[in-house]
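Subject: Structure handover

Dear colleague,

Please find the structure below. My notes on it follow.

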Amino acid sequence: MKQTLKNMRIRKWMGVLFAAVLMTALGAQTALASTDYVKSISITLDVAPVPGEDLPALHYGYTGDTGYEVKIPSNERYEIVSAEWGSKVDEARLGGTYTIKITLETLNDYRFSSSYSSSKVTVRGGDFVSAKRQGSGKLLVTVKTDPAKGDLEEPEEAYWSSGKYTSSKFGYADWEKVEDAAYDVYLYRGSKTIKKVTDLHTSSYNFYPYMTSEGTYTFRVRAVPADSSVSKYAKKSDWVTSNELYVDEDEVSDGSGQDKDDKNDWEDWYDRDGWDNVGNQVGWIERSGRWRFRYPDGTYVRDSWGKISGVWYLFDGNGDMLTGWQLRSGIYYYMDTSGAMRTGWLLDKNVWYFLKDDGAMAVGWIQLGDKAYYLNGSGAMVTGWQTIDDQIYYFYPDGHKAVNEVIDGFYVDMNGVWKRP
């Protein structure tokens, strides 16, 4: 009997304990269900980097108020507490985009979710890059501006290739190339317009076939966007006028060759610089210092990348191989003097850049082996003491980040960060 009563008391105690645990669990579940999360975020950028100028100061506030470059709508869920450029840039580049780090904090017991995608973050006047939660009440959002808009650079050194009638370059107009540009070129005799060429994708043109009368000739040239993507951020440059070229009565053209180099008639274009005399040549062909690549079917690589013998090259609309810095779809590449696309470290005008395996110029942090480097918004490798995303680092003259050591009497931790004692 005593054993039975004892068992009954145990069962009763266990029932009470189970009920208490169940009530506690239900209470916790109710509390968790009542947590309010910030489901979506809206950011407006009212900032326009100007090519050739420093990035403007950033002020933040609410939509509808004036004088702010970074804004969020007035709401009861979150507020903006800081907005800073992702990296220091000496001057903005035409077509360049630049990152902004925006810190948000929650209001009224709201919490940020563990992750946010582009579908949950709306950015007007720019693009969403990433969002990183720094505790349930703090979120670091990275966005980037629209491309810096402005006028294309003017073509420099507009000149006649030769003033000698005996030269094969007599009547050829030349000018310096402009990045991301095609060209409009007009020929004049005195004040009369003789020939107009538009949307030309090379920095030279043979005007001699149109010099059919004695007189003094000049030409004007301006840069225009090379394609529809460039036209979204770049406008035509001002006109540049060449020096004068006098053609006397004995030097005038008989008009042969006119319209042979029209940009819309590619197959008739090759007479320029002797391209119609290539015969059965295939592969690399050079004329007047310009290189092209010809396939066995007679076509050339034009306005595109070409992988030749395992090496990437870039060609303009006329098929000329490009060298130097080239901007394509908002990404910078570097083609060396042989035309080959560069990868890895590049020293250009005493500035180090890093080009990824696909040739794209790196911006931001990169990790090479056990060493970290930082490239600013213009792609330049930084050195010395630098503030990046509110953290202070030191970079050696070769660009690698110092970690777990004392620099100038100041200790940087395992992450390379110096913190005020």
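Two strands are taken to pair if DSSP finds at least two bridges between them. Helices (H or I, at least four residues) and strands (E, at least two) are DSSP runs, numbered from the N terminus. This is a predicted model, in which local features need pLDDT of at least 70 and side-chain atom pairs count only at pLDDT 80 or more, while totals for chains, interfaces and linings use all residues. Residues are numbered from 1 along each chain as its sequence is written, and side-chain values use heavy atoms, with hydrogens and water left out.

Strand β25 (residues 324-328) pairs with β26 in the antiparallel sense, over 5 bridges. One of the bridge partners is Tyr334 in β26, set against Trp325. The two strands, β25 and β26, make a hairpin with 2 residues between them, and Ser329 in the turn has a positive phi of about 55°. Of the 5 residues of β26, 4 are buried (under 20% relative accessible area; exposed is over 50%, partly exposed in between; 1.4 Å probe, protein chains only).

The loop between β26 and β27 (344-348) holds Met341. Met341 counts as buried because its relative accessible area is 15%. Leaving aside neighbours within four places in sequence, Met341 is in contact (heavy atoms within 4.5 Å) with Trp305, Trp312, Tyr333, Tyr334, Met335, Asp357, Asp358 and Gly359. From Met341 to Asp358, 17 residues apart along the chain, the C-alpha separation is 8.9 Å.

Earlier in the numbering there is an open sheet of 3 strands, in the order β12-β13-β16, with antiparallel pairing. Its edge strands, each pairing on one side only, are β12 (159-160) and β16 (204-206). Between β12 and β13 (residues 172-174) there are 2 bridges, and Trp160 stands opposite Ala173 in β13. Trp160 is also among the residues that Ser242 touches, along with Ala158, Tyr159, Thr218 and Phe219, not counting residues up to four places away in sequence. Ser242 itself sits in the loop between β19 (240-241) and β20 (245-247), and is classed as buried because its relative accessibility is 8%.

Two backbone angles deserve a look. Most residues other than glycine have a negative phi. Asp180, in the loop between β13 and β14 (181-189), has a positive phi near 65°. Asn350, in the loop between β27 and β28 (351-355), likewise has a positive phi near 65°. Asp180 is buried, at 10% relative accessibility, whereas Asn350 is exposed, at 73%.

The second largest pocket has about 1,300 Å³ of space. Of its 49 lining residues, Gly86, Thr99, Lys101, Gly364 and Tyr374 are the closest to its centre. Elements that give two or more residues to this lining include β5 (78-85), β6 (99-106), β26 (331-335) and β29 (364-368). By class the lining has 18 nonpolar, 19 polar and 12 charged residues. Here Ala, Val, Leu, Ile, Met, Phe, Trp, Tyr, Cys and Pro count as nonpolar, Asp, Glu, Lys and Arg as charged, and the others, Gly among them, as polar. On a 1 Å grid over the protein atoms alone, a pocket is an open set of points where a 1.4 Å probe fits, with protein on both sides within 12 Å along at least five of seven lines; lining residues have an atom within 4 Å of a point. Points are joined across faces, edges and corners, and a volume is the space filled by probe spheres set on them.

Regards
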